[in-house]
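The exercises below ask you to work from the coordinates towards a description of selected side chains, contacts and surface features. Each task is followed by a solution that proceeds step by step.

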Amino acid sequence: MSVQDGAIRLNSDQHDIDLRVSIVPTVDGETVVLRLLAEYVHALTLTDLGYLPEHQKILAAASQKPHGLILIAGPTGSGKTTTLYSLIKTLNGSELNITTIEDPVEYRIPGTNQIQVNHETHLTFAQGLRAIVRQDPDVILVGEIRDQETAEISVNAALTGHLVFSSFHANDAVTTIPRLIELGVEPFLLASTLEIVVAQRLVRKICAECKMSYVPDSVEIEQLGSFRTKYSAKNSSAVLYRGKGCSACHGLGYRGRTAVLEIIPSSPELKELILHHPSSNQLVALIRSQGIPSMYEDGIAKVVAGITTLDEIRRVIKE
C-alpha cells in the first residue's frame with residue numbers, strides 16, 4: 001500500500017462536482033478523505049460567505065489600491081481559497097491583467113491567467129511568481145505562502161507596484177504577522193506592503209427548516225461577552241436559537257456553513273509596531289485598543305443574530 005492522491009469529476013443534473021481523493025495506508029488498513037468541490041461554490045459572493053457590509057467595505061478599500069499585500073489566514077478547509085476567488089472576481093475585467101499561481105487550480109475564473117503548480121517540472125510557487133512578475137500583471141494571486149522564498153517574492157511584488165492576494169496557514173490574524181517575520185520577511189518590507197490580514201473559520205449554520213428559539217441559561221449568558229447585558233433574567237424576550245433537527249438537515253440541526261472573521265486593516269500604528277518585531281500579545285493589545293473585534297467576538301455576534309449556535313462557536317474558536 002502507498003499514499004495516493006487523485007481527482008474525480010462527477011457530472012449530475014444539478015451540479016458538476018470535483019472530488020479530491022487522499023488515501024493513506026495505516027496499520028489497520030487505509031484511511032480515505034474526500035474533498036468535494038462543487039462548481040456553484042466559485043460563484044459565491046462575500047455576502048454568501050458571511051461577510052457583513054462593514055467587512056466588505058474594508059476589503060473593498062484594500063482591494064482597490066494599486067499595490068499591496070492582502071492575506072487570508074486560517075487552517076486547511078476554512079474557505080480561504082473561496083474568499084480569495086470572491087475578491088478576485090470583484091476586480092476581474094478587461095482592463096486588468098490578473099494572474100494566479102495555485103496548487104491546485106480549484107476553480108476556473110474566465111478572463112484570468114491561472115497557472116498550476118507542477119513539482120515534476122519544478123514549477124513551484126516561487127518559480128511561478130518570478131515568471132509572473134515578468135508578465136507585467138496588475139493583480140497576482142498566490143495560492144498559498146508556504147516558505148521563505150515565496151513570502152519574500154510576494155512581498156517584493158507588492159512593493160514594486162502589484163496588488164498581491166494570498167493565503168497563509170495561521171490560527172488567527174494576529175499570529176500571521178510574527179510568523180511571516182519568522183519566515184524571513186524583513187519587518188520594514190512587511191510594514192510597507194501589508195494592507196490587510198483576514199483570518200476566518202467556517203462554522204455550521206442553524207437549519208432554517210427547524211430553527212427554534214430558547215431562553216439561554218446563566219452559564220450561556222456569561223459566555224456572550226459584551227452581549228450578556230441584553231440577556232438579563234428580567235428580559236425573557238431575549239432569546240438564542242438552535243436547530244431542533246429535521247429531515248432537511250438529517251437530524252443535525254445545522255445546514256450550510258458561514259465564515260466567522262477577524263479583520264486587521266493596516267494603520268500607521270500597526271506599521272510602526274511591525275518595524276519592532278512585535279509579539280502576538282503586543283499586536284492583540286494594539287488592535288483591541290483600536291476597537292477591532294476578535295474572531296470569537298464576531299462569532300458571538302452571529303450567535304446573537306441567530307445564524308449559528310454558541311456550542312458551534314466554542315467548538316471551532318478558542319475564546
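**Exercise 1.** In this predicted model, determine whether Glu312 is buried or exposed, and then describe the salt bridge that its side chain makes.

*Solution.* Begin with the accessibility: Glu312 has a relative accessible area of 1%, and because buried means under 20%, Glu312 is assigned to the buried class. Next, look for a partner, which turns out to be Arg315, with an N to O distance of 2.7 Å in the salt bridge. The two residues are 3 residues apart in helix α12 (residues 310-316), so about one helical turn separates them. Finally, consider the partner's own environment: Arg315, at 53% relative accessibility, counts as exposed, so the bridge joins a buried Glu312 to an exposed Arg315.

**Exercise 2.** Describe the salt bridges formed by Lys302 and by Lys65, and state where in the chain the partners of each pair lie.

*Solution.* For Lys302, the partner is Asp298, with the closest N and O atoms 3.0 Å apart. Both residues belong to helix α11 (residues 295-304), where they are 4 residues apart, about one turn of the helix. Lys302 is buried at 4% relative accessible area, and Asp298 is likewise counted as buried, at 8%.

For Lys65, the partner is Glu195, and the closest N and O atoms are 2.8 Å apart. Lys65 sits in the loop between α2 (53-63) and β4 (68-73), whereas Glu195 is in strand β9, so this pair ties together parts that are 130 residues apart in sequence. Lys65 is partly exposed, at 37% relative accessibility, while Glu195 is buried, at 13%.

To place these pairs in context, a search of the whole structure finds 8 salt bridges; elsewhere, Asp103, Glu144 and Arg146 are linked in a network of such bridges.

**Exercise 3.** Characterise the surroundings of Ala199.

*Solution.* First locate Ala199, which is in strand β9 (residues 194-206), and note that its relative accessibility of 0% makes it buried. Then list its contacts beyond four places in sequence, which include Ala73, Asp172, Val260 and Met295. Glu262 is also among these contacts, and although Ala199 and Glu262 are 63 residues apart along the chain, their C-alpha atoms are separated by 5.1 Å.

**Exercise 4.** What is the volume of the largest pocket, and which residues are closest to its centre?

*Solution.* The volume is about 1400 Å³. Of the 42 lining residues, Arg35, Leu36, Leu37, Glu106 and Tyr107 are the closest to the centre. Strand β3 is one of the elements that each supply at least two residues of the lining.

Note on methods:
Residues are numbered from 1 along each chain as its sequence is written. This is a predicted model: local features need pLDDT of at least 70, side-chain atom pairs count only at pLDDT 80 or more; totals for chains, interfaces and linings use all residues. Side-chain values use heavy atoms; hydrogens and water are left out. On a 1 Å grid over the protein atoms alone, a cavity is a set of points where a 1.4 Å probe fits but cannot get out, and a pocket is an open set with protein on both sides within 12 Å along at least five of seven lines; lining residues have an atom within 4 Å of a point. Grid points are joined across faces, edges and corners, and a volume is the space filled by probe spheres set on the points. Contact means heavy atoms within 4.5 Å. A salt bridge is a side-chain nitrogen of Lys or Arg within 4 Å of a carboxyl oxygen of Asp or Glu. Buried means under 20% relative accessible area, exposed over 50%, partly exposed in between (1.4 Å probe, protein chains only).
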